[in-house]
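Welcome! Here is a short tour for anyone meeting this protein for the first time. Please take a look at the sequence and the 3D view before reading on.

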Amino acid sequence: MPATETAANKAAFTRLHDAFNSRDTEVIARTIDEVVDPEVRIGTPLPVEARGAQALKQVWEILLRAYPDLHVTVEDLIAEGDKLVSRNTVTGTHLGEYLGRPATGHSVTYDEIFIFRFDQGRVVETWGVVDVLAQLRQLGVLPD
């Protein structure tokens, strides 16, 4: 894969990441439409029934209702071939219902790692590992 294609994939990822950190669901949805294939294969369990790009939009709506100040910091970004790996730290304050649990006002910090596969500049597959256990402990759902 030419270096220009890898650079284009990084640029597409950066657009998506910046949209997520805008906390604006309209900007997020529009950017998902532009950068993510509508039939994207998502290899991460999600708390929604939708599939493809629509599932990503719904997940971000859920997250931002629960954590209106949600922020994703990219700690490492590695791109090779058609894949890009992002290791992130996520922070937010639990101010809205999340997975059936009322707001606690607790701050959370948790880690996640995502692998994205691109085809012609669009995300066509994702796989992710999110430290939900750390998140639930910080919300007081599970003991430390």
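Let us begin with one residue and its surroundings. Setting aside the neighbours within four places in sequence, Thr126 is in contact with Val40, Arg41, Ile42, Gly43, Ile115 and Phe116. Thr126 itself belongs to strand S5, which covers residues 122-130. Is Thr126 buried or exposed? Its relative accessibility is 5%, so Thr126 counts as buried, the cut-off for buried being under 20%. Keep in mind throughout that this is a predicted model.

**The nonpolar core**

Next comes the interior. The largest nonpolar core is made of 35 residues. Within this core, Ile32, Val36, Trp60, Leu63, Tyr67 and Leu70 have the most contacts. Which elements each supply at least two residues of it? They are helix H1 (3-22), helix H2 (25-35), strand S1 (36-42), helix H3 (52-66), strand S3 (83-93) and strand S4 (107-119). H3 gives the most, with nine residues.

Trp60 is a good residue to click on here. Apart from its neighbours within four places in sequence, Trp60 is in contact with Phe20, Ile28, Leu70 and Val72. Among these partners, Leu70 is also one of the core residues with the most contacts.

**A hairpin of two strands**

Now turn to strand S2, residues 71-80. S2 and S3 run antiparallel and are joined by nine bridges. One of the bridge pairs links Glu80 to Lys83 in S3. The two strands form a hairpin, with two residues between them. In that turn, Gly81 has a positive phi of about 60 degrees.

**Positive phi beyond glycine**

Most residues other than glycine have a negative phi. That makes the following two residues worth a visit. Leu99 has a positive phi although it is not a glycine, and Gln120, also a residue other than glycine, has a positive value too. Here they are side by side:

| Residue | Phi | Place | Relative accessibility |
|---|---|---|---|
| Leu99 | about 50 degrees | loop between S3 and S4 | 40% |
| Gln120 | near 55 degrees | loop between S4 and S5 | 71% |

How does accessibility sort these two? Leu99 counts as partly exposed because its relative accessibility is 40%, between the cut-offs of 20% and 50%. Gln120 counts as exposed because its value is 71%, and exposed means over 50%.

To retrace the tour, start at buried Thr126 in S5, move on to Trp60 in the core, follow the hairpin of S2 and S3, and finish at the loops that hold Leu99 and Gln120.

Conventions. Residues are numbered from 1 along each chain as its sequence is written. This is a predicted model: local features need pLDDT of at least 70, side-chain atom pairs count only at pLDDT 80 or more; totals for chains, interfaces and linings use all residues. Side-chain values use heavy atoms; hydrogens and water are left out. Helices (H or I, at least four residues) and strands (E, at least two) are DSSP runs, numbered from the N terminus. Buried means under 20% relative accessible area, exposed over 50%, partly exposed in between (1.4 Å probe, protein chains only). Contact means heavy atoms within 4.5 Å. A nonpolar core is a set of buried Ala, Val, Leu, Ile, Met, Phe, Trp, Tyr and Cys residues joined through side-chain atoms within 4.5 Å. Two strands pair if DSSP finds at least two bridges between them.
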